[in-house]
Amino acid sequence: SIPLGFFGGIGSASKNGILVKGGNYLEALNEIDIAVFDKTGTLTEGIFEVTDIKVHNEYSKEDVLKYAAYAENFSNHPIATAVVDAYGDEIRNEEISNYNEIAGHGIEVNYGDSKISVGNKKLMDKNNIEIIESTEIGTIIYVAKDNKFIGSIVISDRIKKDSKETLSNLKQLGISKTVMLTGDNKAIGEKIANKLGIDTAYTDLLPDGKVEKLEDLYKEKQKNKKLAFVGDGINDAPVLARADIGIAMGGLGSDAAIEAADVVLMTDEPSKLVDSIKIAKNTRKIVY
Ligand code: ADP
Ligand code: MG
């Protein structure tokens, strides 16, 4: 049976916008050894903006943006929203067929008689499309028409305002290691990890790759302690389920992530993780 004090703890968490799905998770929050974070939408706002367009061959910036927007129009990914917003013009959906979104890669469609591919380097490699790799620091998506590279788009996101303090507060609370897992590229992943003081960043990960990294982290975790993962996306659901404590963003987070999580941070602020650990510590004082 669950000691009565845990109900008080769960109630006080819920008043602070933290949904804890059981007393055992409140207890576990006291024992985190390794805290693992997704990047996009978790440590960053997940609100992207197109900041630059690079063109190749005879194509103009308008062409590259237009093809990308036509392909992205059916996707809910924050990257897709940024591209469609930057284009701004009407998109004639009837010209698009064979829509195919590939998790962790991007999107492919037929636009009239042409095949358009929009996504990261992995998507281009998969199709043997030769690209000129962007050296800009940001989230980069490449655009190809009929398997020929036509340009790239630089997309920027903002770090959430409480991310940095959260990472340092977690260390003060005795968490021995912080990790970031992202499907985004190495340049932007490492830049953000450095800015936030995260111990280790793994980048260019597919959804399965995130679970594999988690398994590796379990091997280095102190035996009697816990591993927590914080994420927001559909792609994060398997990792949330595998972690001792899965923590999801409840505001802009996906339904799949919220469902798979043990703890939900309703305001999407990572600092609520620090608050929930403090509540867990106080609850323990009352219970024992
Ligand atoms: P994260 O792990 O940082 O939350 P995701 O797993 O959602 O990121 O996406 C990983 C990468 O896959 C993105 O950074 C992007 O390169 C590519 N990608 C995913 N969906 C799309 C899309 N709709 N359009 C273009 N690129 C995409
Ligand atoms: Mg995410």
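## Exercises on cores, domains and a ligand site

A228 touches I32, A35, V36, A243, D244, I245 and I247, leaving aside residues up to four places away in sequence. The model is a predicted one.

**Exercise 1.** State which residues touch the most other members of the largest nonpolar core.

*Solution.* Step one: the largest nonpolar core holds 52 residues. Step two: V36, A228, F229, L240 and I247 touch the most other members. Two of these names, V36 and I247, also stand among the residues that A228 touches. Step three: another core lies apart from the largest one and has 28 residues, including V50, Y67, A69 and V83.

**Exercise 2.** Divide the protein into domains and describe the contact between them.

*Solution.* Step one: domain 1 covers 5-45 + 159-287, and domain 2 covers 49-156. Step two: their C-alpha centres are 32 Å apart. Step three: domain 1 gives 11 residues to the contact and domain 2 gives 8 residues. Step four: on the side of domain 1 that touches domain 2, helix α7 (residues 186-196) gives the most, with 3 residues. Step five: that side of domain 1 consists of 4 nonpolar, 5 polar and 2 charged residues.

**Exercise 3.** Locate ligand 1 with respect to the domains, and describe its shell.

*Solution.* Step one: 24 residues surround ligand 1, and T40, H77, G106, N120 and G183 come nearest. Step two: at least two residues of the shell come from each of α4 (78-87), β5 (106-111), β6 (114-119) and β7 (139-145). Step three: the shell has 5 nonpolar, 14 polar and 5 charged residues. Step four: ligand 1 lies between domain 1 and domain 2, because both give residues to its shell.

Definitions and conventions: Residues numbered from 1 in each chain as written. Chains lettered and ligands numbered in written order. Predicted model: local features only at pLDDT ≥ 70, side-chain atom pairs only at ≥ 80, totals over all residues. Near = placed C-beta within 6 Å. Helix = DSSP H or I, 4+ residues; strand = E, 2+ residues; numbered from the N terminus. Nonpolar A, V, L, I, M, F, W, Y, C, P; charged D, E, K, R; others polar. Domains from an automatic or database assignment. Contact = placed C-beta atoms within 7 Å. Core = buried A, V, L, I, M, F, W, Y, C linked by C-beta atoms within 7 Å. Buried ≥ 20, exposed ≤ 12 C-beta atoms within 10 Å, placed from the backbone.
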